[in-house]
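Please open the model in your viewer and follow the selections below in order, pausing at each one before moving to the next.

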There are 4 protein chains.
Amino acid sequence: MRSDTEPDGQTFLEAARRAQILRATAEVIAELGYAKTSLARIARQIGVSKGVILYHFTDKDSLIRALIWDVYERGAAAIGAAVSREHSASGKLRAYISANLEFTAAHRLDALALVELGSSYRTPEGLRLDQLAEQAMPLPHGLAALDLLPIFQEGLRSGEFREFEPAAMGIAVRSAIDSAGNCLSRDPGFDVRAFAAELVTTFDLATRRPT
Amino acid sequence: MRSDTEPDGQTFLEAARRAQILRATAEVIAELGYAKTSLARIARQIGVSKGVILYHFTDKDSLIRALIWDVYERGAAAIGAAVSREHSASGKLRAYISANLEFTAAHRLDALALVELGSSYRTPEGLRLDQLAEQAMPLPHGLAALDLLPIFQEGLRSGEFREFEPAAMGIAVRSAIDSAGNCLSRDPGFDVRAFAAELVTTFDLATRRPT
Amino acid sequence: MRSDTEPDGQTFLEAARRAQILRATAEVIAELGYAKTSLARIARQIGVSKGVILYHFTDKDSLIRALIWDVYERGAAAIGAAVSREHSASGKLRAYISANLEFTAAHRLDALALVELGSSYRTPEGLRLDQLAEQAMPLPHGLAALDLLPIFQEGLRSGEFREFEPAAMGIAVRSAIDSAGNCLSRDPGFDVRAFAAELVTTFDLATRRPT
Amino acid sequence: MRSDTEPDGQTFLEAARRAQILRATAEVIAELGYAKTSLARIARQIGVSKGVILYHFTDKDSLIRALIWDVYERGAAAIGAAVSREHSASGKLRAYISANLEFTAAHRLDALALVELGSSYRTPEGLRLDQLAEQAMPLPHGLAALDLLPIFQEGLRSGEFREFEPAAMGIAVRSAIDSAGNCLSRDPGFDVRAFAAELVTTFDLATRRPT
DNA sequence: TATGAATGAGCTTTCATTCAT
DNA sequence: TATGAATGAAAGCTCATTCAT
């Protein structure tokens, strides 16, 4: 009996509702920004009462974290897979950039929401998303896939890359990638894949040891 | 009477108060983030009542815009001056990056506040800061100085730069520069000038026509 | 069919569930106080869903009243029995106090819950528990056993007691007895029986005609 | 200038508003009980908006504490004065009871509210009023006046009182006194002073060493 | 019988804004 | 110029209750 029970203790309907709410949350964040994202607004997006959201998520904070986790998880999986398919450091860097922006192109809303949250969300204790990632939040295993430093260190050690400060380069690459989300929100016609190609070339030239 | 009236219709004291309020606003935004920046908090920062702020600025929005304008103006002046001192496109790009980050290093509070506003502030109509810049807001004349496109176009035309999409490169450069503010807010010991040097090299290699 | 139907129309299981819910309700009230006693919390105490409670009781108010009735009934039976075993007024008074506190000692949870309800519960119309007892609520027959006035009147008539106002004395005795519940909730080590002995002496001296 | 400034930094009007709010709070608590006492209800009692209350008091908890303090302070002053006018332990006990009930009679609303708060109020951390009094809350100096134990100890030491457990007797006396508030709320015609006379006799007989 | 899902009223609190002084 | 006072809208959240299954 109870054929509607999934292994993780959630019914099928429960999971569907949660997914619907997460989607609506991403939509509202992407459209209005995090500051104007209220539970009431999210509820209205689906056409239900506020209470529904608090029935499925303990509070606003855990809703937001669930969204973050959800997008991270899927993104990290895609990016990690693409990166590990490559064997040279420069190949991995190219794959990293491409896969990131491919994910952005394929999941515009999620990517946008995540970038918005990255700059505007704070935990009740005042921590930013990146400060969260470093410590308290249990993050998907594959999240290591989002870290550029190992790639840079490998290329520097092997001599494939010129000498540079990996932390600084990491910031430049990540911030450029994250900009795509903003561009997309401003201009729905923004060509993410063309942008990806430009970034690949740009950071290839910027990191490679000159011959 | 009113011998304390300046040409623009503001008394000296009036101007001093406004400056004090703008400074306090930047301080609070830099410390708490825009979301937690309330008029009450700004007033407390100076030790006056909330009313004072609304006496000098029509509403919260115009206070924020005044701050943006103020920082932009000073930043654009510094950057414009540095850029125009150079004559090659690559020289101008280097100067642009250096001057930007020099400004960030020299005016940490302002830079931090501006970056925070760049990601979190929205006009009552829902526009972001950069969407503002493009249209509605009357911006300081020198703001053109913040635009990278002329530099890229010049370098592309002259053959100094390799072929690339100026808009994409502009995004990469600006986002990398703006990241410095975030880094600074997370880690007060962040070495902005070292970061500047890395970026200069990075984007020099990324833009130059290979020999 | 329905061979499990009892004379009063309730199945055995039904009665067991009701008893379980009443017990859980008393536990929660005793632990958290009435203000923080929610149906959800009671349901959690048993490990069932909220709906179960509202299936067995029409609404929260009738659940609470059922608990009150239940405890009253058992308490009144015990006290009435003890009182009627005595034949002098002063003997009855001593028995009343002792039996009350004996019940408190033997059913700490119930007594605690009842005291808490006595001060915090109000009907939807705003009536307190004691205002209820006087009028609206159909109370167990034996409840008369809780009334001190007949005892005082008997002692006054027979000359066993000194002259005093029975209503005032009743208030003093009842409030002292009810305090035991509070003491118990604040200090689980509170010695109810020692307290009972003190009260017996106290009110014996306070009521007896001096010789 | 600023002739409306009082020594403690509150203007006359501010103090008047605070007093008005405290009074309204006591009224609502006395009428509806603490559980149904909301800021909205208090505001309506005065005919102002909810915000007014939160302008004058940081939050609901500090409003309630201010009320408690205020009533305590006045009550303790009156009781302490009456008690210290007596020199025998039994005289002090009589004065304690009389002064308490005299205060109740003279400030029905306050007394009622305080009794209600005594049983229903909990701090955000879950502490009851009496647990508060023992530790965290800075209470008026004269509060010691509310403690019966010194009186009992004195009478026991001097031999004026019979042997009894001071803690238990204290509970009996205090609970009897506090009952007056409840009686008053149920029956506005309740004769507090007659009740006081009964209690004085009752506890005189209960404590005195028999001759 | 029991559950999960949803609702709606009400709560405390924050905040930009207005206004009289 | 500046302040204190007040307002009202909106926020996150709790909870008894209803309903379909």
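**Around the DNA and between two chains**

Begin by selecting DNA strand E together with the 39 residues around it, and look for those that come nearest, namely A:Glu14, A:Gly51, B:Asp59, C:Gly51 and D:Ser38. The model is a predicted one, which is worth keeping in mind during the whole tour. With strand E still on display, highlight helix H3 of chain C, residues 50-56, which gives the most to the surface near this strand, with 4 residues. If you then colour that surface by class, you will find 14 nonpolar, 10 polar and 15 charged residues.

Next, move the selection to DNA strand F, which is surrounded by 39 residues, the closest being A:Ser38, A:Asp59, B:Gly51, D:Glu14 and D:Gly51. Here the helix to highlight is H3 of chain B, residues 50-56, from which the largest share of the surface near strand F comes, with 4 residues. Coloured by class, the surface near strand F divides into 14 nonpolar, 10 polar and 15 charged residues.

Finally, leave the DNA and select chains C and D, where 23 residues of chain C are in contact with 23 residues of chain D. On the side of chain C that touches chain D, show helix H6 (108-120), helix H9 (166-186) and helix H10 (192-207), each of which supplies at least two residues. Helix H9 of chain C deserves its own selection, since with 8 residues H9 gives the most to this side of the chain. A last colouring by class divides the residues of this side of chain C into 12 nonpolar, 8 polar and 3 charged.

Terms used: Residues are numbered from 1 along each chain as its sequence is written. Chains are lettered from A and ligands numbered from 1 in the order in which they are written. This is a predicted model: local features need pLDDT of at least 70, side-chain atom pairs count only at pLDDT 80 or more; totals for chains, interfaces and linings use all residues. A residue is near a molecule or strand if its C-beta atom, placed from the backbone, lies within 6 Å of it. Ala, Val, Leu, Ile, Met, Phe, Trp, Tyr, Cys and Pro count as nonpolar, Asp, Glu, Lys and Arg as charged, and the others, Gly among them, as polar. Two residues are in contact if their C-beta atoms, placed from the backbone, lie within 7 Å.
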